[in-house]
Amino acid sequence: YYAPPAQIHGTAAELLDQEARHASKVMRAREGDQLVIVDGKGGRYEGPIRRITKQSVQIEIQESQYFDKPQPELLLGMGIIKKRDRLEFAVEKAVELGAAHIALFRSRRTIKENVRMDRLESITLSAMKQSLRTWRPEVTLFHSIEEVIASFPEAQCVLAHEKVSPSKMSFAHLAEGKDQPILLMVGPEGGFADAEVDKMVDAGAELASLGSHRLRAETAVVALMSQFLS
Ligand code: SAM
């Protein structure tokens with residue numbers, strides 16, 4: 001379950017809203033049942049339920065652990081994909097595979113402009129819990145590729161591009177400088193325009209291949225993120 005730090009005070013934690021409804025109505029939890037909670041900021045807590053209603057679940061924390069942010073920090077820049085289910089699939093898998101931040105961007109070949117951020121927030125939260133992560137990833141929307149690059153000036157930027165030779169498929173060197181975040185850029189279904197690629201390369205991005213075959217954008221996200229499993 002998820003409770004942000006504001007709902008955790010000493011040895012007492014409280015689940016509210018959707019989390020409380022899920023515990024009480026879907027899981028039919030009872031007083032005394034043991035729950036595991038993460039706060040999205042590295043904290044993991046465990047303990048029994050002391051009071052439960054549909055609106056609020058109060059837990060007595062008996063065990064707590066803190067986990068450092070995974071390093072290197074993985075940031076995914078992803079062009080908005082037109083089909084909602086494909087976009088949501090990509091976001092879910094990116095979180096499971098360890099993205100700390102998903103920066104959705106509009107680019108020249110963006111077909112769809114509107115994104116249901118509320119749905120993406122809830123998918124992100126479920127995927128975080130599902131994969132037993134303790135840090136809650138952020139999802140943000142950017143108006144351009146330039147804006148994404150400018151927002152993460154300290155990151156090493158890698159741009160997945162289908163026109164790059166498959167000999168450029170090595171990623172291990174990026175994880176070596178562990179304290180530097182890695183920004184992975186994947187284009188929308190129409191790909192990056194040549195001018196966009198040139199701009200990113202001028203700004204210091206490295207081009208990378210994901211093999212000699214053209215992958216769908218959401219497959220490219222999974223293939224690229226999988227290079228950095230830890
Ligand atoms: N430009 C193509 C087109 O017009 O159909 C394909 C774009 S592809 C469907 C979407 C994104 O996935 C690309 O912008 C790139 O970031 C990534 N991608 C797909 N296949 C790739 C490959 N073999 N190597 C590297 N990146 C790839």
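Two strands count as paired here if DSSP finds at least two bridges between them. With that in hand, take a look at this predicted model. Strand β4 (residues 43-52) and strand β6 pair in the antiparallel sense over four bridges, and within that pairing Y45 has S64 of β6 as its bridge partner. The other thing to look at is the ligand, which has 19 residues around it and takes up the space of the second largest pocket.

**The strands around β4 and β5**

- β4 also runs antiparallel to β3, and five bridges join these two strands. One position to check is V36, which stands opposite E46 in β4.
- β3 and β4 make a hairpin with four residues between them. Look in the turn for G40, whose phi is positive at about 75°.
- On to β5: three bridges link it with β4 (residues 43-52), again in the antiparallel sense. Here R51 is matched with Q58 of β5 as its bridge partner.
- β4 and β5 form a hairpin too, this time with three residues between them.
- β5 (residues 56-60) also pairs with β2 (residues 12-16), antiparallel and over five bridges. If you want a spot to find that pairing on screen, L15 has V57 in β5 as its bridge partner.

**Backbone oddities**

- As a reminder, most residues other than glycine have a negative phi, and most peptide bonds are trans.
- R28 is not a glycine, yet its phi is positive, at about 50°. You'll find R28 in the loop that runs between α1 (17-26) and β3 (34-38).
- The peptide bond joining Q71 and P72 is cis, with omega about -5°. P72 belongs to the loop between β6 (63-66) and β7 (74-79).

**The ligand and its shell**

- Of the 19 residues around the ligand, the ones that come nearest are A160, E162, L210, G211 and H213.
- By type, the shell splits into nine nonpolar, seven polar and three charged residues.
- The backbone supplies some of the polar contacts to look for. A polar backbone atom of L215 is 2.9 Å from a nitrogen atom of the ligand, and a backbone N or O atom of G190 sits 3.3 Å from a ligand nitrogen atom.
- For a side-chain contact, go to R214: one of its polar side-chain atoms lies 3.4 Å from an oxygen atom of the ligand.
- As for cover, the ligand on its own has 570 Å² of accessible area, and the protein covers 88% of that.

Conventions: Residues numbered from 1 in each chain as written. Predicted model: local features only at pLDDT ≥ 70, side-chain atom pairs only at ≥ 80, totals over all residues. Heavy atoms only, no water. Near = heavy atom within 4 Å. Polar contact = N/O pair within 3.5 Å; in protein donor to acceptor, adjacent residues only side chain to side chain. Areas by Shrake-Rupley, 256 points an atom, 1.4 Å probe, with all protein chains shown as cover. 1 Å grid on protein atoms, 1.4 Å probe; cavity = no way out; pocket = protein on both sides within 12 Å on 5 of 7 lines; lining within 4 Å. Sits in = over half its atoms within 2 Å of the grid points. Nonpolar A, V, L, I, M, F, W, Y, C, P; charged D, E, K, R; others polar.
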